[in-house]
Amino acid sequence: MNGGPTSLLDVSDIGIAFGGLKAVDRVSFKVEAGQVFSIIGPNGDGKTTLFNLVTGIYRASQGKVRLAGEDITGLAPHLLVRRGMARTFQNLQVFFRMSAVENVMVGCHLSERTSFLADLLGLPAVGRQNRVTRERAMELLDKVGLAPLADASAGALPYGALKRLEIARALAASPKILLLDEPAAGCNPVETEAMDHLIADIARSGVAVVLIEHDMKLVMKISDRVLVLAQGRPLAEGPPRAVRDNPDVIAAYLGDHGAREADRAHG
Amino acid sequence: ADPIKIGSVVSATGPSAFLGDPEARTLKLYVEELNKKGGLLGRPVELVLYDDGGDANKARTFATRLVEDDKVVAMVGGTSTGATMAMIPVFEEAGIPFVSLAGGIEIVEPVRAFVFKTPHTDKTACQKIFEDMKARGITKIGMISGTDGFGKSMRNQCLKVISDYAITVVADETYGATDSDMTPQLNKIKNTAGIQAVLNPGFGQGPAIVTRNFAQLGIGLPLYQSHGVASKSFIDLAGPAADGVRLPAPAILVGDKLAASDKQKPVVAEYKASYEKATGQPVSTFGGYGFDGIQLVTKAIEKAKSADPKKIRDALEGTKDYVGVTGVYTFTPTDHLGLGTDSFRMLEIRKGDWVLEAPTR
Amino acid sequence: MLTVEGVSSAYGRISVLHEVWLQVKAGEIVALVGSNGAGKTTLLRTLSGVQPARAGRILFEGEPIERLEPHKRVMRGISQSPEGRQVFGPLTVEDNLRLGAYRRQDAGTRGRLDHVYGLFPVLAEKRKIAAMSLSGGQQQMLAIGRALMAAPKLLLLDEPSLGLAPLLVDQILAAVRALRAEGLTVLLVEQNASAALAIADRGYVLETGRVVMEGTGAALLVDPKVRAAYLGL
Amino acid sequence: MSEFLQLVFSGLTVGAIYALIALGFTLIYNASDVINFAQGDFVMIGGMGTVFLMASGLSLPLAALIAVVAAVGVGLLLHRLAIEPARGASPVTLIMITIGASIFIKGVAQIVFDKQFHSLPAFSGDAPIPIGGATLLPQSLWVLGTAIGLVVALYLFLEHTLVGKGLLATAANRLAAKLVGINVTLILAMAFGLSAAIGALAGVVATPITLTRYDIGTLFALKGFAAAMLGGMGNPLGAVVGGLLIGLLETFGAGYVSSTYKDAVAFLMILFVLFFLPRGLFGGRSVERV
Amino acid sequence: MLGKALRARYTPLLVLAALMVLVPLVSTSSFHLRVAALVWIFALAALGLTILMGYAGQVSLGHAGFLGIGAYTVAISPVRLGLDPLLCLVLGAAVAGLVAYAVGRPILRLKGYYLAIATLGFGVIVALVLHSEAEITGGPDGMAVSRLSLFGWRVAGATSWYWVTAGALLVGALLALNIAASPTGRALRALHDSEVAAAGTGIDVASKKLAAFVVAAVYAAVAGGLLAAMNGLITPEAASFSHSIELVAMVIIGGLGSVFGTVVGAAFLVVLPQMLTALQEYEQAVLGLLIMVFMIFLPQGIVPSIRAYLMERLP
Ligand SMILES: Nc1ncnc2c1ncn2[C@@H]1O[C@H](COP(=O)(O)OP(=O)(O)OP(=O)(O)O)[C@@H](O)[C@H]1O
Ligand SMILES: Nc1ncnc2c1ncn2[C@@H]1O[C@H](COP(=O)(O)OP(=O)(O)OP(=O)(O)O)[C@@H](O)[C@H]1O
Ligand SMILES: [Mg+2]
Ligand SMILES: [Mg+2]
């Protein structure tokens, strides 16, 4: 648009309304590869809905989403993953009847090279593929610290573990951009710190991370940029420190506690 | 001595239960009585009875079981034409006589060595009805048929013979076996110009509902039912609406009204008395089919003086002038039904009762 | 008020709680901390009776309740805001709240409803909306509000601050303190351990299904082991 | 015109019967997420019970009352002996149990009653009421009236009583229902009892029109289920609208398209509606939150 | 050891094969062989549902419709098209697959009970057509089916049919087990749990569901074709609603998602009625009672429940 190099993710003027409620109202932002881009804001002010718009779960009533320059607005979720966008869910969407490792193996779906017919006939290639997939899934579980629980049924995992399981599953799609909806919810500060390292790691490997989170310590510490949504509208956008000091943001969202937490991140 | 085993597969449950149930009861009753009288050829008789639930596939399995496991020497059963057709190959192959209780003409046409049947065919019923219509000067009729096996087959047979009587069908409707309202179809018939009478080939509760809806719409034309409703329960179900309905039926429904000279009178009276005493339910033609079936077989065994299936078959085929409750049977190598049109009587329902040979208006 | 004596619990063959002992006195706020999978949620479920206790006794106001069905425990005055919110999705926000008072239909219901709306004004705004279309944080507020509607004597809170904006976390903890001042007793499970211990009279640390430490909130806050393992300091 | 009106009357009558059965489905579904395949058999118990009690000399109202009470008893026993012991099992398992129950009830009914069709006298005589060239049976008014009365009662119960809300809450989230103090067992028992009562009542008012037999429940269950789905599962108003609509579709199908394929006409319309409204007419358009 | 065997992928297949060899050793009565052959046929039809319901979590209450399509293709096409009966079996599978594709595309968007009623409607319509188009299908009394010949060998007699149906089931079971342990199987189980999340990992949920539906239809059609050819006669009853329910019941009673369970479920519903005939009029009541008792005490279905019990007790 403005002639500059295309951003990895470019969301412009996106919006949706439920009944009379403008849950997301003309929001725009850009995310570059390797960046951690955080979205914060009061409860119910449109963060998750924004994710749902970007990932094609809701159909936007206005606006565009571009991924690496290509218009992907309104593409079905499974097609988006194929183009390199993966996400986790605030309300867990885990395959509860499968084991932890199988959950991640499903995530590897796109990289698997077998056909329906081969699967049906049980060709040797399928067995080989299964072994490859499993190995890769184990690596990912190890990365999020769940390797010891690989064979446990997902239904039996504690809440915090499920959040990490979803991240491993999303990573399995080898995304270019990863959208995380409150990954640290249900983690204690120590566990949050591990999450912090994990996200930083992911970003370092060149993946863009878009993060929704209420844990200010985490947000302030690892974000490159922060977008604040209030009542579906952008309230502020900028580097973490600038956002933290914005009086509107403090009044609408952070409060004293949040501001304190945010400060702790910066030491 | 070893019992003589007679097999049976009927639809004692399922959609045709009201046919299969009286058949089953009759068979049990008569085998019991037979044994009280000392059985056959000095041996007790054992009835091996299975319920196919109206499923032809199950009937086939039970047929195999009767032949292979139970080693029966003869078979009386097959409530529906479909089930009978499914079982025929089993008995033909094993060489065991099979007396079917189903209506379809294809059971005995072409004639198969081991297969006989007791009920009238639909064709005879149609002929009887059209004779009556013709006598009343009716030339244009509406038809409303059930889509069950009985209704469909009778409809086809009627359409085949109708031209012999110079009658034409000007409205042709159907209803499903389980429908509970036939007003739309009857309404169409009502609005067809020139119609003079309505014929309803069908069995089960359908004809009763047709009869009620017919009265509700005030159609006011003669209504003909088939032998498929020839049981007291039809009158109960249709209620006052049944008044004036005509149908062809075997003697059994009007046993007490038969002329004293009628050959069938004593047989019918005896069956009616014993069935109603044993079951507490009114007789129906369907039980009568079973009665005739088992009688034909036991008589054949007595005549053959042997429980060898082949010999029973030969004796069966030699049956001559057996007076049953359905009619008088004479089998020949080319006729395994052996009933004439005269075994049907034309009845009219008046004040909740059957009236014989109602004179034409 | 509540005494837990050697309670064990398991899912199928997997034992999760191993002889847990703890006590909550009337009018106290007791915090329960522990890492993912320690068994905090399982303990609360066992207290509410939706998860059977394999062994041990639970005394509430001096009487054993471990055999009572869940609704009887609610009638005695124990209510819970569960993990994962568990709102009645297709029902409206207001119906959810009214159902919170299922066992306590009295003159006070209206007042408590207003109280909850006062605490979370957004719920009042959305009172006619199906609970499942609320945002995550709004659902969390609803779950807490619903538990309050029962006017319990003992309130069990499973990670009430989960998914709430920082501003609201402050409000919730303040509200818990205010409720205590009105005589309510609270057993609080929190990942935000420093905040929880700060308002708690006493605290317990749960590790793989066992109580490994207990003390006053202030004491635990400064305990080096707790600080390292749960506060990240 | 009179033909059209006649079809409307027929359609509404048949449809009201379907609606009554669909209402029975609604209650149990609302409490437990389970489709009770034995629902049609409650209808049969109502009808057959009344027939046989009347045959033994009781008056119609008394016979009907006893038959409905008996059906409620069967419903409660079904819950106590078959559903409650399987507590915690998945809906699929529970549905299978109700299928077993349906076979069992039919099996017992054919012994206790018989295998013949039976009818009841129409409550207010058989004289058709002529309206605009068409005729309406007084019994149709009984059926329609019962359907309307029950849907209003059910609506008031579910929407305006706390116990009704508790019933909805139990289906929405069993765990949370327990945590707010709902006696889930009691709610389920109540749902089965009430459903049985509704079903049996339907059987009593419908039998003079449809006739009844020990195995008529299968057909009723099928049509009632279709009606409930067309209306949107769980919504009493939907159940009634769905039932009436299917009744009308069938009669219009038979009257104007083909009497042979009228069931196909009805089902094709259901498919058509579901294509645009995947949760039925009144099932709402709720989006799954993630 | 046993524990390990319980987990191994092809154990069910081996057990099944062993059973198949065992039956004719115990009895050669053509009645017993016929009953066993019926178990194999219905198990094959139900296996399709296992893939659809057990793996992918999509119900079908109209599956007998596909069985009917397969059966009637085998019955009709030799007469009308003069095709070889074996070819007709293949044709039946293809026709059913195509119909499933056409029907599945619009209706598989529906979920849960709404899908159930849509498939039910489909089944009812198929049964109605078979029932009504008497000129082609022979109407309610059904039509005769010509003998099947496999590469010149005319299949006749109980023993031959026993082995043909057993072979067909073994192949069907092998394919079903293969799918379960493959990426496709994982995808199906995943969308069973959460369609949103499955789509979120790149699975094309709609096309996977459709594939499962088509495969399930093909299974049923082959089973229907075999049934028709074995009986030499087919009636529209084969496509009836009650048969659809029976197929679903086999899958659930045996154990949802378990291949061996499906065979056990089929045996349960085919053999049990044969054993209960001695009870005469009490047969139905006892059958219903047994279904209830089994589901109450083995809520996961016969095979998974027993398997879980053994696994708990074994090292
Ligand atoms: N349904 C279940 N089946 C089997 N095991 C379970 C089940 N639910 C929980 N568990 C196990 O019980 C243990 C305790 O879980 P619980 O949910 O009580 O932990 P928690 O302390 O609340 O953790 P979190 O902080 O993540 O909420 C965990 O190891 C978990 O794996
Ligand atoms: N499907 C829907 N139907 C109706 N309203 C909806 C729907 N989805 C979201 N909303 C409304 O849109 C608003 C934004 O919700 P969203 O989930 O995006 O909030 P959020 O910022 O993620 O909040 P939280 O931090 O609590 O998760 C909320 O008020 C919610 O009630
Ligand atoms: Mg959110
Ligand atoms: Mg927890």
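Trainee: What makes Thr41(C) and Glu83(C) the protein donors of the magnesium ion (ligand 4)?

Mentor: Donors are N, O and S atoms within 2.8 Å of the metal (3.2 Å for Na, K and Ca). In this predicted model, OG1 of Thr41(C) and OE of Glu83(C) lie 1.8 to 1.9 Å from the magnesium ion, so both qualify. Water is not among the atoms, so the site may look incomplete. Thr41(C) belongs to helix α1 (residues 40–48) of chain C and Glu83(C) to the loop between β6 (78–81) and α3 (93–100), so the pair ties together parts that are 42 residues apart in sequence. Helices (H or I, at least four residues) and strands (E, at least two) are DSSP runs, numbered from the N terminus.

Trainee: Why is Thr41(C) called buried?

Mentor: Buried means under 20% relative accessible area, exposed over 50%, and partly exposed in between (1.4 Å probe, protein chains only). Thr41(C) has 18% and therefore counts as buried. Glu83(C), at 23%, is therefore partly exposed.

Trainee: How do you know that Lys262(D) forms a salt bridge with Asp179(B)?

Mentor: A salt bridge is a side-chain nitrogen of Lys or Arg within 4 Å of a carboxyl oxygen of Asp or Glu. The closest N and O atoms of Lys262(D) and Asp179(B) are 2.9 Å apart, so the pair satisfies the rule. Lys262(D) lies in helix α11 (residues 262–276) of chain D and Asp179(B) in a loop of chain B, so the pair joins two chains. Lys262(D) is buried at 5%, and Asp179(B) is buried at 6%.

Trainee: Why does the pair Arg202(C) and Glu214(C) count as a salt bridge?

Mentor: Their closest N and O atoms are 3.9 Å apart, and the limit is 4 Å, so the pair is accepted. Arg202(C) also forms a salt bridge with Glu28(C), at 2.6 Å.

Trainee: What makes chain A and chain C an interface, and how many salt bridges cross it?

Mentor: Contact means heavy atoms within 4.5 Å, and 31 residues from chain A and 30 residues from chain C take part. The buried area, the accessible area (1.4 Å probe) that two parts lose on being put together, summed over both, is about 2200 Å². Zero salt bridges are found across this interface.

Trainee: Which conventions apply to the numbering and the values?

Mentor: Residues are numbered from 1 along each chain as its sequence is written, while chains are lettered from A and ligands numbered from 1 in the order in which they are written. Local features need pLDDT of at least 70, side-chain atom pairs count only at pLDDT 80 or more, totals for chains, interfaces and linings use all residues, and side-chain values use heavy atoms, with hydrogens and water left out.
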